[in-house]
Amino acid sequence: MDNQLPLVPVEEIERRYRRFQQTLDRMELDGALIAQNIDLYYLTGTMQNGLLFVPRKGEPCLYVKKSVARAKRESSVPVEQMGRMRELPQRMAERFGPVQRVGMELDVLPYAQATFYADKLFPKAELTDISFPLRLQRAVKSDYELNQLKRAAGCVREIVEALPEMLKPGMREVELVAEIERRLRMKGNINLYRMRAFNQELVLGMVASGAAAAAPTYFDGPAGGMGLSTASPQGAGWKEIRVGEPILVDISAVIEGYIIDQTRLAVIGELEDDLEHAYGVARQILKATEEKAKPGVTWESLYMDALKMAEEAGLADHFMGYGEDQAKFLGHGVGLELDELPVLARGFDQPLEEGMVIAVEPKFTFPGRGVIGIENTYVVTADGLKSLTTASEEIVRVRA
């Protein structure tokens with residue numbers, strides 16, 4: 001059996017940490033300690049258990065607990081055995097010199113862990129949060145990253161095209177999801193849908209039908225789903241899929257760690273007229289966003305424009321959820337995590353940049369009836385948004 005997996009190109013990793021070092025220089029930090037799996041992978045090319053120190057200048061070093069052998073094979077930065085924690089400060093000082101100001105990922109690093117690293121490794125250093133600048137860097141994708149996202153988009157397109165042969169009246173939601181997961185898995189989907197937000201978890205996406213899709217839940221999105229248990233109260237459940245109800249197929253695929261996000265709507269038979277109308281409005285919002293979203297346009301303005309269109313269509317109460325369970329965003333960045341920057345929501349006045357990747361998902365929730373909507377993943381170009389997801393945007397209609 002061939003145990004050699006594709007590696008992230010060396011030049012790709014070097015570009016990433018060199019660019020990050022420019023941020024450290026602007027922030028006047030001596031270096032940054034990286035501990036979270038995704039950021040470790042982004043800056044080294046490996047996800048082995050360890051700590052990465054990125055100095056303001058020079059080469060980083062990855063100190064690994066396990067597996068050192070695999071880290072050395074996969075990483076594009078120098079790797080050392082972590083060894084005893086009490087000896088690590090001296091080793092780091094000899095390699096990098098004194099550290100007076102250090103950055104850490106304080107958005108995801110547990111408080112106890114952050115204070116432990118600060119006290120043990122940098123007892124005299126000032127601690128600074130570098131999570132947002134690093135996430136902002138990750139929001140702009142390279143050609144290598146875009147290629148992985150395009151591969152993932154090809155996988156979800158094939159799923160949409162196969163929905164007519166998968167969907168049958170009376171089948172349970174979990175049966176549909178199981179078949180989708182099986183097909184994606186055989187295409188190389190790693191089946192880990194990583195999220196940065198605290199306590200937010202997701203498997204595959206939100207595949208649910210009728211009233212179940214509109215059931216509210218803790219997940220920060222417009223659709224809920226009953227799930228299979230109160231221990232996982234979201235997404236596909238035991239409900240039977242019925243003729244005439246909207247079937248929300250909001251799915252992701254993860255290729256080489258990169259997540260694509262796409263939603264399409266299906267129905268066995270025909271939808272009611274007002275639901276068809278809502279779908280038309282969702283597509284109008286999507287197309288308007290495609291035209292407006294260019295470099296320099298603020299993230300929040302796209303959400304506010306979409307909200308205005310929903311109001312003008314008389315659907316504001318249903319936009320991105322219903323009542324107190326409405327989600328307050330239009331779209332989100334995707335990449336190594338499902339909830340990356342940018343966030344198309346109120347309060348984010350940062351401008352779009354060329355190379356950012358965004359999932360835009362206008363949806364309408366109708367309690368007791370279902371969720372209507374569409375979602376594409378786009379890359380921001382100089383001329384506007386270019387869709388990475390290429391499946392037909394028409395409703396998937398299956399004969400009853």
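Contact here means heavy atoms within 4.5 Å. With that cut-off, in this predicted model, helix α2 lies across strands β1, β2 and β3 (61-66). The helix runs at about 55 degrees to β2. Helix α4 (residues 88-96) lies across β1, β2, β3 and β4, and its angle to β3 is about 155 degrees.

The strands under these helices belong to an open sheet of 6 strands, ordered β4-β3-β2-β1-β5-β6, with mixed pairing. At the edges stand β4 (79-81) and β6 (126-129); each has a single partner strand, so one side of each is left without a neighbour in the sheet. On average, neighbouring strands of this sheet are turned by 25 degrees against each other, direction ignored. Within the sheet, β1 and β2 run antiparallel and are joined by 4 bridges. One residue pair can be located directly: Gly31 has Pro55 in β2 as its bridge partner.

Helix α1 covers residues 10-26, which makes 17 residues. From first C-alpha to last, α1 reaches 25 Å, close to the 24 Å expected at 1.5 Å a residue. After the helix comes Glu28, with a positive phi near 55 degrees. Which residues of α1 are buried? They are Glu12, Ile13, Arg16, Tyr17, Phe20, Gln21, Thr23 and Leu24. These buried residues pack against β1 (31-34), α2 (37-44) and β2 (49-55), and also against α6 (131-139), α7 (143-166) and β9. The list of packing partners thus includes β1 and β2, which are strands of the sheet described above, as well as β9, which is a strand of another sheet.

That other sheet is also open, with 4 strands in the order β7-β8-β9-β17 and mixed pairing. Its edge strands are β7 (205-209) and β17 (396-398), each of which pairs on one side only. Neighbouring strands here are turned by 30 degrees against each other on average, direction ignored. Strand β9 (residues 258-268) pairs with β17 in the parallel sense, over 3 bridges. Among the residues involved, Val267 has Arg397 in β17 as its bridge partner.

An annotation can be placed on this picture. In an unreviewed entry, UniProt lists residues 148-382 as "domain: Peptidase M24". In the model, the end C-alpha atoms of that span lie 21 Å apart. The span is 30% helix and 22% strand.

Terms used: Residues are numbered from 1 along each chain as its sequence is written. This is a predicted model: local features need pLDDT of at least 70, side-chain atom pairs count only at pLDDT 80 or more; totals for chains, interfaces and linings use all residues. Side-chain values use heavy atoms; hydrogens and water are left out. Two strands pair if DSSP finds at least two bridges between them. Helices (H or I, at least four residues) and strands (E, at least two) are DSSP runs, numbered from the N terminus. Axes are lines fitted to C-alpha atoms, for helices over the stretch in contact, and angles run from 0 to 180 degrees between N-to-C directions. UniProt positions are given in the numbering used here, feature names are shortened, and annotations may be inferred rather than shown by experiment. The expected span of a helix is 1.5 Å times one less than its number of residues. Buried means under 20% relative accessible area, exposed over 50%, partly exposed in between (1.4 Å probe, protein chains only).
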